[in-house]
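Biologist: I would like to walk through this model from its ligand shell outward. Can you show it first?

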Amino acid sequence: MPATYTTQSEIPLLPSASKLPLPSTLTSDIQKIADKHITKGLGRLRDHVFKEGRGLQVLTSENRQLLDFTSGIGVTSLGHCHPDVTAAIIAQAQSIIHVQCAIALSEPYVQLVESLLAMMPDPSLDSFFFWNSGSEAIEAAIKVARTKTRRNNIIVMQGGYHGRTSGAAALTRSKTSFFKGTGPLMPCVYTTPFPYWHAMGLGKDTAEEVLVQHAKIQLDNLLQQQTAPEDTAAIFVEPVLGEGGYIPAPHAYLHYLREVCTKHGIILVADEIQTGFCRTGKTFAIEHSGVVPDLMVFAKGFANGMPISGIVTRTEIMDAMPAGSLGGTYSGNVVACAAALATTRYMRSHDIIGNVNARSEEIFKGLNAIQADTENGGWMIEQVRGQGLMVALEFKDPNSVQTRTHDRGDHIKLPGNINKLVQDACYDRGLLTLTTSIYPVLRMIPALILSENDVQDMLRVMKEAVKEVASTIERGA
Ligand code: PMP
C-alpha cells in the first residue's frame, strides 16, 4: 500500500519537554562564546558579527556598514541575498529539503546539469558529479584521475591551493600553515614551479617568455627525474593562482601543460573553484588561453552562498568510476542545487561578463594610478595584478631581495606586513578586503554585480588607506 503524502501542516507536533533559554543575541556575549568554544584553528579576520547583507553591503550587529570586496572569498557572486537565488532556496526548502543522491534523482540536480552544460568551455566536458566543498571536489578529481589512468602520481604548482582536507592539503603549496604538523600527507605529490617572478627569485619585470621557459624546463626535469610520465595521473593547475597571490597563468604555459598531458595520457585538471563562473571575465578562466582541460573542478561562486561543488570531465573518463565510488550524504544537496540553478540561470541571461570586464578595467586603472602616485604611498606597491575581478596589490617586503628596494631614503624601515596595515586602514573606513600568499599581498574579490559607484568608493578608500599607511611608515612611527 503506497504511503499517504503528508503536507507540512499534517506533521504531528510533539509535546514540548522543556523550556530552553533563548540563544544569546548581545554582540559581546556572542564574541565571548565564540572565543571560548570555537576553535582557534579558524583564524578569523575580526570578531565582528555579520547580521545582514544586500548586494555588496554588509551590516554588522553593531550597525557598521561595510562595503564587501570579499564576497565571502568569491562565493556571493551575485551579491548577498540575491532575490532570485533566495526565492529559489525558499521554494525548494518548502518542497523537499533533502534528496540523497544514491536514493533518488531530483529535478534541480538534473536541471543544474542542463544549465551547466550550456556554460562549459568545451562540449567534451559533459559528465558531472556534485559535492559540497571545493576540497571535497578536489578529492573526487584525484580519485577519478587515479582510477582512469591507473597511475598514482600527481603534479601540482608551487604556490597552488586546493583545500584543507587530507588529499587536497597534500596538493596545496601556497602556505605550510594549511598542513603544518599534520603529516604524513598523501604521498605521490610532486611540485613544479609556477611562472611567477617572485617565487622564481626573479624581478617583477622579467619577461613572460623567460618565466614560462623556466617553468617548462623544470616540468621537463620533474618528469625525467622524479615522476615518470607513465606514473603520473594528473597535473593540477589554477588558471589564476588564487591563495598563491592572484597570478594569471601565462597562456603559453597552459598550452605547454596541455601538450605534455596529451602526449603522455596525463589528466589535465583545471581547478576553477575560485576562478570559475565569470569571475575573470570569461565563464571559466581557462578559456582565456583556449586550452581545454580534461577535468574541471568548480565550487564557490555558482550557488551564491549555498555549499555545493562539482567536477566535470569527459564521459569516457568518468565512466571509469564504478558505481558507489563517488557519493556522499549531502552530495548535490537539492536546496544547494536549486540555488546553483538560479545563479547559473541568472548568469546565462544577464551580461555579467560585460559588467566584470567594465568594472575590472576601472579598478585596474584606479589602482595603477594609486601605484603611480609615489608621493602618496604608491611607492609601497610593488605590483598591481590579477584578472577580471580577482584583484591584488603586492607590497614591498623587507624580507625579499626582489622587493625590498625603494627610493624613499635609507631612513625608512619597511614593515613586513604592509598588506595587513593597508587592509586595516581600509576596514577602518568601511571597506572589507582580504590578504593572501606568503608575500605581502592584499586581494579583492567582490561580487560580480558591483556598480561603478562601488568601484569608485573602493578606490577612494584604498587611496586614503595607502596614503595613511605610507605616511606612518615614512614618519617612522
Ligand atoms: N581550490 C581553490 C582554487 C580554492 O580557492 C579553494 C578555496 N579557497 C579550494 C580549492 C578549497 O575549497 P573549499 O574551501 O570550499 O574546500
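**Ligand, helix, domains and odd backbone**

Biologist: Which helix gives the largest share of the shell around the ligand?

Modeller: The largest share is three residues, and they come from residues 134-149. This model is predicted: local features need pLDDT of at least 70, side-chain atom pairs count only at pLDDT 80 or more, and totals for chains, interfaces and linings use all residues. Residues are numbered from 1 along each chain as its sequence is written. With helices (H or I, at least four residues) and strands (E, at least two) taken as DSSP runs numbered from the N terminus, the source is helix H5.

Biologist: Which residues come nearest to the ligand?

Modeller: A residue is near the ligand if its C-beta atom, placed from the backbone, lies within 6 Å of it. There are 15 residues around the ligand, and those that come nearest are Ser133, Gly134, Ser135, Gly163 and Gln274.

Biologist: How many residues of that shell are charged?

Modeller: Ala, Val, Leu, Ile, Met, Phe, Trp, Tyr, Cys and Pro count as nonpolar, Asp, Glu, Lys and Arg as charged, and the others, Gly among them, as polar. The shell has five nonpolar and seven polar residues, and its charged residues number three.

Biologist: How far apart are the end C-alpha atoms of H7?

Modeller: H7 covers residues 208-225, which is 18 residues. The expected span is 1.5 Å times one less than the number of residues, so it should be 26 Å. The ends agree with this, at 25 Å.

Biologist: Where around H7 do the buried residues Leu211, Ala215, Leu219 and Leu223 lie?

Modeller: Leu211, Ala215, Leu219 and Leu223 are buried (20 or more other C-beta atoms within 10 Å of its own; exposed is 12 or fewer, partly exposed is in between; C-beta atoms are placed from the backbone). The arc they cover, taken from the directions from the helix axis to the C-beta atoms, is only 100°, so they sit on the same side of H7.

Biologist: Which residues of H7 are exposed on the other side?

Modeller: The buried residues have cover that includes strand E6 (189-192) and helix H8 (251-264). On the other side of H7, the exposed residues are Glu209, Ile217, Asn221, Gln224 and Gln225.

Biologist: How many residues does domain 2 bring to the contact with domain 1?

Modeller: The bounds, from an automatic or database domain assignment, are 96-349 for domain 1 and 352-475 for domain 2. Their C-alpha centres are 28 Å apart. Contact means C-beta atoms, placed from the backbone, within 7 Å; domain 1 brings 20 residues, and domain 2 brings 24.

Biologist: Which residue follows the cis peptide bond from glycine 183?

Modeller: Most residues other than glycine have a negative phi, and most peptide bonds are trans. Here omega is near 0°. The residue lies in the loop between helix H6 (166-170) and E6; it is proline 184.

Biologist: Is serine 71, with its positive phi, buried or exposed?

Modeller: Serine 71 has phi near 45° and belongs to helix H2 (residues 71-74). It has 29 other C-beta atoms within 10 Å, so serine 71 is buried.

Biologist: And what does cysteine 81 count as, with its C-beta neighbours inside 10 Å?

Modeller: Cysteine 81 also has a positive phi, near 55°, and lies in the loop between H2 and helix H3 (83-95). Its C-beta neighbours inside 10 Å number 15, so cysteine 81 counts as partly exposed.

Terms used: Contact = placed C-beta atoms within 7 Å.
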